[in-house]
Amino acid sequence: MIDIVNTASSYDLNKTSKKETLEFFNKKFGGVVANLLNTNLINNEDGKIEWRNNMVAVKDNIEKILGWENVGTYIGPVRVLNGEKSLRFSIDDLTETFPKIAIKDLRLIMGASHLIHVDKPEETIKEILKFINEIDSKI
């Protein structure tokens with residue numbers, strides 16, 4: 001992970017196209033990483049590509065980001081939100097990865113990529129509020 005972040009934060013997006021960038025990351029790290037990085041590349045107002053996230057800040061804080069420890073297992077209500085256009089996870093991937101989560105607890109945010117809160121913030125907030133209200137109504 002650290003190698004991926006270091007490479008992405010130092011990669012010069014001004015000298016390449018999105019296609020060339022994805023080909024570079026695909027060769028260096030493989031398709032899964034290239035797809036994940038693809039969800040973080042956007043076209044700015046000038047038509048050039050840039051990182052959606054501040055990759056330098058991610059690089060500077062990677063130890064803190066990865067430094068959390070597992071403090072136990074959560075047992076309780078859960079809602080999984082996924083973007084319709086997510087290259088990271090499909091609904092089939094989610095049901096396979098999280099077999100204990102019922103299909104009724106999975107929600108697809110239409111038109112969103114993996115970063116649903118960035119692509120469709122209002123829809124994401126509505127789904128979170130629906131979930132909170134469902135929990136509140138059971139208390």
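These legends walk through several close-up views of a predicted model.

**Figure 1. The whole chain, with eight helices and four strands**. Start here to get your bearings before the close-ups. Read along the sequence, the elements follow the pattern α-α-α-β-β-α-α-β-α-β-α-α. The C-alpha atoms fill a box of roughly 55 × 35 × 25 Å, taken along the principal axes. Of the 139 residues, 28% count as buried. Among contacts between residues at least 6 apart in sequence, 59% join residues at least 24 apart.

**Figure 2. Helix α3 and its buried residues**. Which residues of α3 are buried? They are V33, A34, L37 and N38. These residues lie on the same side of α3, because they cover an arc of only 140° around the axis. A feature of helices helps here: an α-helix has 3.6 residues a turn, so residues three or four places apart point the same way. The packing partners of the buried residues of α3 are α1, α2 (18–29), β1 (41–43) and β2.

**Figure 3. Helix α1 and the elements it packs against**. Buried residues in α1 are I4, V5, T7, A8 and S9. Against which elements do the buried residues of α1 pack? The partners are α2, α3, β2, α4 and α5. Helices α1 and α3 both come back in the next view, at the largest pocket.

**Figure 4. The largest pocket, with about 440 Å³ of space**. A short reminder on how such spaces are found: rolling a probe the size of a water molecule over the atoms shows where empty space is left. The lining of the largest pocket is made up of 17 residues, and M1, V5, L36, L37 and N40 lie nearest its centre. Elements that give two or more residues to this lining are α1 (2–10), α3 (31–38), α4 and α5. Which element gives the most to the lining of the largest pocket? That is α3, with four residues. By class, the lining has 13 nonpolar, three polar and one charged residues. Two of the names near the centre should look familiar: V5 is among the buried residues of α1, and L37 is among those of α3.

**Figure 5. The second largest pocket, with about 160 Å³ of space**. Of the 13 residues that line this pocket, P77, V78, K104, D105 and K138 are the closest to its centre. How many residues of the lining are nonpolar, polar and charged? The second largest pocket has six nonpolar, one polar and six charged residues in its lining. Keep K104 and D105 in mind, as both belong to the salt-bridge network of Figure 7.

**Figure 6. F131 of helix α8 and its contacts**. Is F131 buried or exposed? F131 counts as buried, at 16% relative accessibility. Leaving aside neighbours within four places in sequence, F131 is in contact with P77, V78 and R79. F131 and P77 are 54 residues apart in sequence, yet the C-alpha to C-alpha separation in space is 8.9 Å.

**Figure 7. R79 and a network of salt bridges**. As background, side chains of opposite charge can pair when their charged atoms come close. R79 forms a salt bridge with D105, and the closest N and O atoms are 3.9 Å apart. D105 lies in the loop between α6 (91–97) and β4 (106–109) and R79 in the loop between α5 (62–66) and β3 (80–83), so this pair ties together parts that are 26 residues apart in sequence. Both D105 and R79 are buried. R79 also forms a salt bridge with E134, where the closest N and O atoms are 2.8 Å apart. Here the pair links R79 to helix α8 (residues 121–138), home of E134, across 55 residues. E134 counts as partly exposed, at 31% relative accessibility, while R79 has 12% and counts as buried. Through shared partners, salt bridges join R79, K104, D105 and E134 into one network.

**Figure 8. The salt bridge between D119 and R52**. How many salt bridges does a search of the whole structure find? The search finds seven, and the pair shown here is one in which the closest N and O atoms are 3.0 Å apart. D119 lies in helix α7 (residues 116–119) and R52 in the loop between β2 (49–51) and α4 (55–60), so the pair ties together parts that are 67 residues apart in sequence. D119 is partly exposed, with a relative accessible area of 26%. R52 is partly exposed too, with a relative accessible area of 24%.

Note on methods:
Residues are numbered from 1 along each chain as its sequence is written. This is a predicted model: local features need pLDDT of at least 70, side-chain atom pairs count only at pLDDT 80 or more; totals for chains, interfaces and linings use all residues. Side-chain values use heavy atoms; hydrogens and water are left out. A salt bridge is a side-chain nitrogen of Lys or Arg within 4 Å of a carboxyl oxygen of Asp or Glu. Buried means under 20% relative accessible area, exposed over 50%, partly exposed in between (1.4 Å probe, protein chains only). On a 1 Å grid over the protein atoms alone, a cavity is a set of points where a 1.4 Å probe fits but cannot get out, and a pocket is an open set with protein on both sides within 12 Å along at least five of seven lines; lining residues have an atom within 4 Å of a point. Grid points are joined across faces, edges and corners, and a volume is the space filled by probe spheres set on the points. Ala, Val, Leu, Ile, Met, Phe, Trp, Tyr, Cys and Pro count as nonpolar, Asp, Glu, Lys and Arg as charged, and the others, Gly among them, as polar. The arc is that of the directions from the helix axis to the C-beta atoms. Contact means heavy atoms within 4.5 Å.
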